[in-house]
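Let's take a walk through this protein together. Have the sequence and the 3D view ready.

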Amino acid sequence: MDNANNIPALLNKLCEELTLKQDAIKPAEAYELALSYMTSINEQHSIPDEKILCQKIHSRLSSVSGRDADKFNELFAKLKNTFVLKQPVSVLSLLLALSEAPQTTNSTQQLFPVPNLSIINSAAAFTGASSSKSTVGSSWGVNTPKQQNSNPSISTNNSNLVIATQSCNHANEPACVRDAVLAATGVKARSSCNWSRPVQILYSRIAHLGFLHDKLKDFIDPASVFTPQGLMVEGLVAAIREELTEYYRSVALLQSQVCESDGGGGTLRRVSVWAQDPLHRLHWLATIVHSVQHKRGGELATCVHRYVHHGDERVSALARRLLTSLTYPLLLMLTRWLLHGEIDDPYHEFFIESRNGVPIDRMWHDKYRVREWMVPSFMCREQAAQILATGKSVVFMREACADLPDHCDTTPDHAIHLQSLLAAHTRTGGTNTEVAWWEAEGLREGVETAHLMASQRLLAALTTHHHLLDHLAAHRRYLLLSQGDFVHHLMTLLQDELSKPATSLYVHNLTCTLEAAVRATNAQYEPQHVLSRLHVNLYPNCDGREDSGWDVFALQYRVDGPLGTLFPATCAARYRALFTQLWRVKRIEYALHDAWRDHTILQKRLKAMPEVWGLMRRVSCLRAEALRLCGALQDASCEGAEPAWVELLSAASEGHHLDRLLQLHHNALDRHSIHAMIHHSTQELQSYLGNVLNETLALRSFETTLHTGINTELERRERYEALKAERAARNEFAITGPDEAQDKEKRKIFIQFLASRKADLNVWARSYRGHVTTLILKLALHQEVSLQTLAFRLDYSDFYKRGDAKLHEPLTYQHKRLSEMGLHLAKTRLLDHTKRK
């Protein structure tokens, strides 16, 4: 019985005897191994039945509360039907064991079971309790209840067992430290299941470095599927490899200190303290690596740049080093693009994309574009646009303008700025610079200077060698009909030709007429590079109707080479649409002036025909009304677009960049289109204006018919008077009965003709003024202020306002509601409103 009570002492003695002849194994290590083996033997328990466990739990809960017992049965049945529990017997056993455990206030006793201080398991309990000076071990020694029927000799040997276990753990600490250092580099150590819990906690904290190390190694592995290809990714991999190299150096120094003597180089706690800084660094490296997976180019730089503004200075410095290293290829591509207009981007990482197969006239518009998702976050959108325009200018000068860069002794300022950034990055390796290249002031200055110089040089070439200002002015003079004498003389020469059907016209005949108009007007003083581009073209309509020459005639200004960028095909189509609309208004105005000339000539012969004076006066007033409308439309078109053209020409003369000129040119055409009412925002007005112009042209046809009838009657009466004078000269009767009857009949027919003409004129006047009133109303309701002003100019004397109830009220919301209703409903509501007042 005494031998049984001294089991630990006997076991220690046995281990000493067995290891006397073996130098490789120490007695303490053998004792620890035997003790761990003996404590790992557990008692065999029979596996309880699920029903029995449920009955025990139910009976225990019933003794406390019957409601809890019923609730347990209900919840367990639902949980079992969901197939969530894989081991229901084990869960029930755990619940039953927890219900049978004594209720204590110590939280440690709730987390860890009270050890069974039996003969077999006592050594294991003391081993776990003495492995660390923690509160867990102390709580076990204080709160453990005294076991009944236990031998009192066990308690007398507890202190010996604790001292033996502590000496064993102290002997194994150097090996544990070595394993922890190896685990920090990702090397697996021997099993740590026999170590105490505090030792395992320290070891796992150090071993987490190995997990992070392996994660970083997987990222920098060339065969990894998580690492995309690219130069910027290679820069990030190189920076991470440098960080790992520094980490390896620290681990090697630590390992050499550990191996200096038998445990004299450091303890596990010291190693854990040392691991705090590497753990912090590797943790953020792994976080950054996780965030940049499957990203490249500017997206990659943006992800890393987010950590530059981190509140922790160490994280910010780490992100700055990584960002500076990975963006060095971006700096090379940026410099090459700004200085030479070349894109060397094999992995599509640059935020500027080049597309193949683009014609030279669309090079500036379509060949290059900014990929918005690839622009780094440290670069604003305006700066990216400047970089794009700078490179495009260099490429455009080289390919479209065939202009080689000047070879001078001095280096441009922007090249100096960019080369200084490259030199600083190369000299310091991109890691020791106080200010990184992507946030240096030299980058902003270099980009702005390069953009300014490239834009000035491009504009100088277009203005000097390709006569940009002359071509802009020529487009305005001849396609927008600003050259008044040329347009009037050309219309005079083409009047008879364009009155023919469109199928009978030939371009070469019209070209001869155009050349004659140029020679007879101030257009002859234009330079030859302008006149050689002015041509005539015919654009037949596709609606199948019979067209006249007025409908298909158009002037064309042909540009090619670099000028095709400023005047592409879409721009030429807009000029053609503007010319067609302005030419139509000008043609109607010219026809009305021609009618006025015929009326003035005819008026001198109407002294003996008083019956036509009233009708002619009425026609003259309506013609003047239509002429004033045509003049107001042309004045509004010219005046509305004049500021835009002045701004365009001044920007071109001052040497602004080409994108700015294109935008101003587009704005000028927009202003012209709005005032000509062919813009997409004025589509409704275009139909109303077309109705007005058609009615105005019908007035010219009416006058032609009227003048023809009057001239015919005048010629008959002149012949009749000549016949009377001839008979009187022969001393004959001047008038005979049949002649007088025939004259009365002719006069009666002429009076009927005038009556029908008056009726037609009244119908036309009502229709014309109705269309004009509708046009004025729509102009007044339009959101464009200049069109509202045009509405006022068309009715400045309130002439149309007096004849239409829809124009009586000011332009308020109520008026807008009324304007969409019928005339009768508008009058009814106005009368009701007046009565209420």
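We'll go from confidence to the cores and then to two loops.

This is a predicted model, so local features need pLDDT of at least 70 and side-chain atom pairs count only at pLDDT 80 or more, while totals for chains, interfaces and linings use all residues. Residues are numbered from 1 along each chain as its sequence is written, and side-chain values use heavy atoms, with hydrogens and water left out.

First, confidence. The mean pLDDT (the predictor's confidence in each residue, from 0 to 100) is 78, and 77% of the residues reach 70 or more. Over residues 40-45 the pLDDT stays under 50, and over residues 427-433 it is below 50 too. Where pLDDT is low, the predicted coordinates should not be read in detail.

Now look inside. The largest nonpolar core (buried Ala, Val, Leu, Ile, Met, Phe, Trp, Tyr and Cys residues joined through side-chain atoms within 4.5 Å) has 138 residues, and Phe351, Phe486, Phe553 and Trp583 touch the most other members. Helix H13 (residues 231-258) gives the most to this core, eleven residues; helices here are DSSP runs of H or I, at least four residues, numbered from the N terminus. Apart from that core lies another, of 45 residues, including Val612 and Ile776.

Finally, the loops. His294 has a positive phi, near 65°, and sits between helix H15 (276-291) and helix H16 (297-305). Leu481, with phi near 60°, lies between helix H23 (468-479) and helix H24 (484-498). Are they buried or exposed (under 20% or over 50% relative accessible area, partly exposed in between; 1.4 Å probe, protein chains only)? His294 is exposed, at 59%, whereas Leu481 is buried, at 12%.

Terms used: Contact means heavy atoms within 4.5 Å. Helices (H or I, at least four residues) and strands (E, at least two) are DSSP runs, numbered from the N terminus.
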